[in-house]
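Trainee: I have a model open and would like a close look at one part of it, with enough of the surroundings to place that part in the whole. Could you walk me through it?

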Amino acid sequence: MSRRTEQHPDPTDPRIGAPFFSTWRLGTPERQRQAVEAIGRTWEGRPWPTAELLGYHVYAGQDGSTLMHYSQWSSGQAFDAFVKVHRQERVDEIDTAVPGIERVELTRYRRYRSRERAVGDTRVPGLVVTVRVDFEAGAEGRREEWADLVLKAVEDDPEGHVGLLSAHFHMSADGGHVLNYAEWESAEAYDRALAAPQTDAWERVRTYPGMSGATGSRYVHALGLHPG
């Protein structure tokens, strides 16, 4: 069976061949909570669909409106097989419990690089921040270099990022954007990092050629599901 877990996911798990992120729009905090509970009930009431799904996590947006979904698959083919056989019955049950969910986007990624947790760091993330950076057509090859610049800027400014637990850079399969999934100790720690004085390294990150836009979102971990 499927079981709930309080444990946060490990994006660096080498078994993950196809991470997927998606967004739902619910509109209100009450509907956010209802959807999280409906997801939990729906999944706990069924067997875990396949060993190739390594974990499934849901995050509540601090905007009071959205949910982010992060599923860890061994391969894209395993996800496609799940969609054909198991997905629709889960969608139907959730939609019956919480009508009118707007499913905004579902995107497949590959993880490129990570700033992993320090050895022995057992802090629980109080905030998860995702930053999506879009690139112009023809600039797809610049995505990895941009991620390298961010990681170098963080490395050169350890004092300003003491609250950053980890950061994981994912490249969209369509070549259009980068998604940084970052774990922070708290919202206050993230705000302090944003308010830190601007450095030359961060200026290079912000003005990197080929970027066409960036969007940041804040979340808290609301539900984790693993094989029972």
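Mentor: Happy to; what follows starts with the whole chain, settles on one strand and its partners, and then visits some other places for context.

Please keep in mind that this is a predicted model. The protein has five helices and nine strands. Its radius of gyration is 18 Å, close to the 17 Å that the globule rule gives for 228 residues, so the protein is as compact as a globular protein of that length. In sequence order, the elements run β-β-α-β-β-α-β-β-α-β-β-α-α-β. The C-alpha trace spans about 50 × 35 × 35 Å along its principal axes, and 49% of the 228 residues count as buried. If you take the contacts between residues at least 6 apart in sequence, 80% of them join residues at least 24 apart. As for the surface, about 11300 Å² is exposed, with carbon and sulfur atoms supplying 49% of that area.

Now for the close look, which I would centre on His 170. This residue sits in strand β7, residues 164-172. With a relative accessibility of 1%, His 170 counts as buried, because the cut-off for that class is under 20%. Which residues does His 170 contact, once its neighbours within four places in sequence are left aside? They are Pro 19, Phe 21, Tyr 109, Arg 110, Arg 111, Tyr 112, His 177, Val 178, Leu 179 and Tyr 181. There is also a local polar detail to check on your screen: a polar atom of the His 170 side chain lies 3.2 Å from the backbone oxygen of His 168.

From that list, let us follow Arg 110, which belongs to strand β5. Is Arg 110 buried or partly exposed? Its relative accessible area is 38%, so Arg 110 is partly exposed. Not counting residues up to four places away in sequence, Arg 110 touches Pro 19, Arg 143, Glu 144, Phe 169, His 170 and Met 171. Pro 19 therefore appears in the contact lists of both Arg 110 and His 170, where contact means heavy atoms within 4.5 Å. With Glu 144, the link is a side-chain to side-chain polar contact at 2.5 Å. Val 178, a contact of His 170, has its C-alpha atom 9.8 Å from that of Arg 110, with their places 68 residues apart in sequence.

The record helps to place this region. UniProt, in an unreviewed entry, puts the feature "domain: ABM" at residues 138-202. That span is 38% helix and 26% strand, and its end C-alpha atoms lie 24 Å apart.

A second stop is Ser 186, in the loop between β8 (177-184) and α4 (187-195). Ser 186 has a relative accessible area of 19% and is buried. Its contacts beyond four places in sequence are Gly 126 and Leu 127. Gly 126 is 60 residues away along the sequence, yet the two C-alpha atoms are 4.5 Å apart. The side chain of Ser 186 also reaches the backbone nitrogen of Ala 189, at 3.1 Å.

Strand β5 leads us to another part of the chain, helix α2. This helix covers residues 76-97 and has a kink of about 60 degrees centred on His 86. Its buried residues are Gly 76, Ala 78, Phe 79, Phe 82, Arg 90, Val 91 and Ile 94. Their cover includes β2 (18-25), α1 (29-44), β4 (66-73) and β5 (102-115).

Within β2 you will find Ser 22, which is buried at a relative accessible area of 12%. Leaving aside neighbours within four places, Ser 22 contacts Leu 67, Met 68, His 69, Glu 105 and Leu 106.

For contrast, try two exposed loop positions. Gly 100 lies in the loop between α2 and β5 and counts as exposed at 64% relative accessibility. Its C-alpha atom is 9.2 Å from that of Arg 25, which is 75 residues away along the chain. Val 119, in the loop between β5 and β6 (127-135), counts as exposed at 88%. Val 119 and Asp 200 are 81 residues apart in sequence and 29 Å apart in space, C-alpha to C-alpha.

Definitions and conventions. Residues are numbered from 1 along each chain as its sequence is written. This is a predicted model: local features need pLDDT of at least 70, side-chain atom pairs count only at pLDDT 80 or more; totals for chains, interfaces and linings use all residues. Side-chain values use heavy atoms; hydrogens and water are left out. The bend at a residue is the angle between axes fitted to the seven residues ending there and the seven starting there. Helices (H or I, at least four residues) and strands (E, at least two) are DSSP runs, numbered from the N terminus. Buried means under 20% relative accessible area, exposed over 50%, partly exposed in between (1.4 Å probe, protein chains only). A polar contact is a pair of N or O atoms within 3.5 Å; within protein, one must be able to donate a hydrogen and the other to accept it, and residues adjacent in sequence count only if both atoms are side-chain atoms. The radius of gyration is taken over C-alpha atoms; the globule rule is 2.2 Å times the number of residues to the power 0.38. Accessible areas come from the Shrake-Rupley method with a 1.4 Å probe; for residues, only the protein chains shown count as cover. UniProt positions are given in the numbering used here, feature names are shortened, and annotations may be inferred rather than shown by experiment.
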